[in-house]
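Colleague: Could you take a close look at a single part of this model for me and walk me through what the coordinates say about it? I would like one connected account, with the cut-offs stated as you go.

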Amino acid sequence: DLANSIEATQQLQQTVDALRVDLSAANDQIHILKMQQLPEAQKKLAIAEDMLSAANVELESAQHELRVNHDVIISTRDALVKAESSLQTMQTEFLVIRTNEQV
């Protein structure tokens with residue numbers, strides 16, 4: 001019985017040792033994969049950051065253009081209002097002149 005227990009213990013120890021070797025190999029493989037994938041992930045992140053930066057530049061440019069266009073629209077509207085007022089004044093003056101001519 002004692003011999004069987006000793007043999008079983010030795011077999012368990014061998015199994016534990018084999019599992020430790022497997023675990024160590026698996027950890028080494030994980031480390032290798034991390035080292036291989038990390039630079040690729042960093043490259044992809046850098047590309048994404050560059051794309052985001054470019055998109056932000058485009059957005060700022062579009063916002064500036066929108067503000068400029070808005071200012072142009074406001075200026076044009078103001079000019080049209082003034083032109084309409086001038087036209088109404090001229091029409092009134094024309095009517096006054098016509099009326100005076102008829103009198």
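Modeller: Helices here are DSSP runs of H or I with at least four residues, strands are runs of E with at least two, and both are numbered from the N terminus; the expected span of a helix is 1.5 Å times one less than its number of residues. This is a predicted model, in which local features need pLDDT of at least 70 and side-chain atom pairs count only at pLDDT 80 or more, while totals for chains, interfaces and linings use all residues. Residues are numbered from 1 along each chain as its sequence is written, and side-chain values use heavy atoms, with hydrogens and water left out.

The part to look at is helix α1, since the protein has one helix and zero strands. Helix α1 runs over residues 2–102, 101 residues in total, and its first and last C-alpha atoms are 141 Å apart, close to the 150 Å expected at 1.5 Å a residue. The helix has a kink of about 25° at Gln-37, shortly before the proline Pro-39, where the bend at a residue is the angle between axes fitted to the seven residues ending there and the seven starting there.

Pairs of C-alpha atoms give further distances: Glu-60 and Glu-40, 20 residues apart in sequence, are 30 Å apart in space, Leu-59 and Asn-100, 41 residues apart along the chain, are separated by 61 Å, and Gln-88 and Ala-18, 70 residues apart in sequence, are 101 Å apart.

The overall dimensions can be set beside these. The C-alpha trace spans about 145 × 25 × 10 Å along its principal axes, and the protein has a radius of gyration of 43 Å, whereas a compact globule of 103 residues would have one near 13 Å; this radius is taken over C-alpha atoms, and the globule rule is 2.2 Å times the number of residues to the power 0.38.

As for exposure, buried means under 20% relative accessible area, exposed over 50%, and partly exposed in between (1.4 Å probe, protein chains only). By that scale 0% of the 103 residues count as buried. Within helix α1, Leu-59 has a relative accessible area of 46% and is therefore partly exposed, and Gln-88, also in this helix, is partly exposed because its value is 44%. Glu-60, which lies in helix α1 as well, has 52% and so counts as exposed.
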